[in-house]
Structures are given as structure tokens and as C-alpha cells.
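Visitor: Hey, got a minute to walk me through this one? I'd like to hear about the strands, a helix and the pockets.

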Amino acid sequence: MTILYMPDEKVPLRIDDLTVSVQQLTMAQKATIIEKLTQANNPMALVDASRLAVKYGVKGLDGVTLSNGTPYKVEFEGEILSDKSVDAILCLPQSDKIQGACFALLKGLVNPLVDANGKPIPGVEIIAAKSKKAAKN
């Protein structure tokens with residue numbers, strides 16, 4: 001059975017010990033990321049595309065504390081992550097997996113999320129939603 005995640009739905013991912021909520025990318029966002037990836041003469045193209053994928057894809061982050069012990073909260077500019085939050089996420093030890101998951105959004109949300117070679121991304125899984133039927137029991 002195919003599962004449809006609606007464009008405005010926040011879908012939680014388990015990435016190692018973090019919960020990262022992501023959302024489907026719009027066609028315009030996908031086009032912007034792909035445009036960056038195809039800039040062969042730009043040595044920063046992959047970095048720029050990675051930043052955009054995270055900026056557009058991530059909608060929440062749980063399981064991170066600051067060095068002073070307070071929980072870290074991502075900040076938004078409208079509907080997308082602030083540049084400050086993107087920079088912070090890219091400093092996490094799990095940043096490679098977060099970037100991989102956000103790049104996988106170019107193909108859409110599927111379970112399991114797969115990399116560019118079609119292989120599941122290790123350490124990344126969609127947290128299954130509890131069915132309404134089970135919640136009533």
C-alpha cells in the first residue's frame with residue numbers, strides 16, 4: 001500500500017537519537033535545490049544545495065540540548081528554517097544523515113527514505129503514526 005504524506009504534514013524521522021520532523025518539498029523548492037546541484041562551475045554548489053535542502057525540509061528538531069543544558073529550539077523565518085538554525089543543524093554529529101534525509105525529499109517521502117543510489121539511509125527511519133483505531137482502544 002502506498003502512503004501519501006500531505007504537503008503540509010510534518011513527518012517525524014528517527015535519526016539516531018534525534019527526532020527530526022520534515023515536510024514534503026514544494027515543486028519550486030525542489031527546482032531551486034536541483035538548480036544549485038547542476039551549477040558545475042560553482043565549487044560551493046553542493047554546499048548551497050545541502051543548506052537549501054535542510055532549510056526547506058526540516059520543520060522541527062527534538063533531542064538536542066545546548067552546552068548550558070537547555071533544550072535547543074530551531075527558529076523559523078516564515079515557513080522555513082532561519083539561516084542560524086541551518087548552521088546549527090549542520091554542526092550536529094548527525095548532520096550527514098539529516099542532509100541525506102532532506103535530499104531524499106527531492107523524490108518525496110517514502111518509507112524507507114533512500115539515498116541517490118536507491119539504498120535506505122542507515123540510521124534514518126520514519127516514525128510510524130499511531131492509527132486512530134489503535135488509539136481508541
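Guide: Sure, here is a short tour of this predicted model.

Visitor: Let's start with strand 2. How many of its residues are buried?

Guide: 5 of the 5 residues are buried, so strand 2 is largely enclosed by the rest of the structure.

Visitor: And which way do the residues of strand 2 point?

Guide: Leu 18, Val 20 and Val 22 point one way, while Thr 19 and Ser 21 point the other way.

Visitor: Which strands sit alongside strand 2?

Guide: Strand 1 pairs with strand 2 in the antiparallel sense over 5 bridges, with Arg 14 and Thr 19 as bridge partners. Strand 3 also runs antiparallel to strand 2, joined by 4 bridges, and there Ser 21 stands opposite Gly 60.

Visitor: What's between strand 1 and strand 2?

Guide: The two strands form a hairpin with 2 residues between them, and Asp 16 in that turn has a positive phi of about 55 degrees.

Visitor: Switching topic: which residues of helix 4 are buried?

Guide: Ser 95, Ile 98, Gln 99, Ala 101, Cys 102 and Ala 104 are.

Visitor: What do they pack against?

Guide: Several elements, including strand 1, strand 2, helix 2 and helix 3.

Visitor: OK, pockets. What volume does the largest one have?

Guide: About 230 Å³. The lining of that pocket has 9 nonpolar, 1 polar and 2 charged residues, among them Tyr 5, Glu 9 and Lys 10.

Visitor: And the second largest?

Guide: That pocket has a volume of about 170 Å³. Residues lining the second largest pocket include Phe 103, Lys 107 and Asp 115, and Ala 104, one of the buried residues of helix 4, lines that pocket too.

Key
Residues numbered from 1 in each chain as written. Predicted model: local features only at pLDDT ≥ 70, side-chain atom pairs only at ≥ 80, totals over all residues. Heavy atoms only, no water. Buried < 20%, exposed > 50% of the residue type's maximum accessible area, 1.4 Å probe, protein only. Contact = heavy atoms within 4.5 Å. Pairing = 2+ DSSP bridges. 1 Å grid on protein atoms, 1.4 Å probe; cavity = no way out; pocket = protein on both sides within 12 Å on 5 of 7 lines; lining within 4 Å. Points joined across faces, edges and corners; volume = space filled by probe spheres on them. Nonpolar A, V, L, I, M, F, W, Y, C, P; charged D, E, K, R; others polar.
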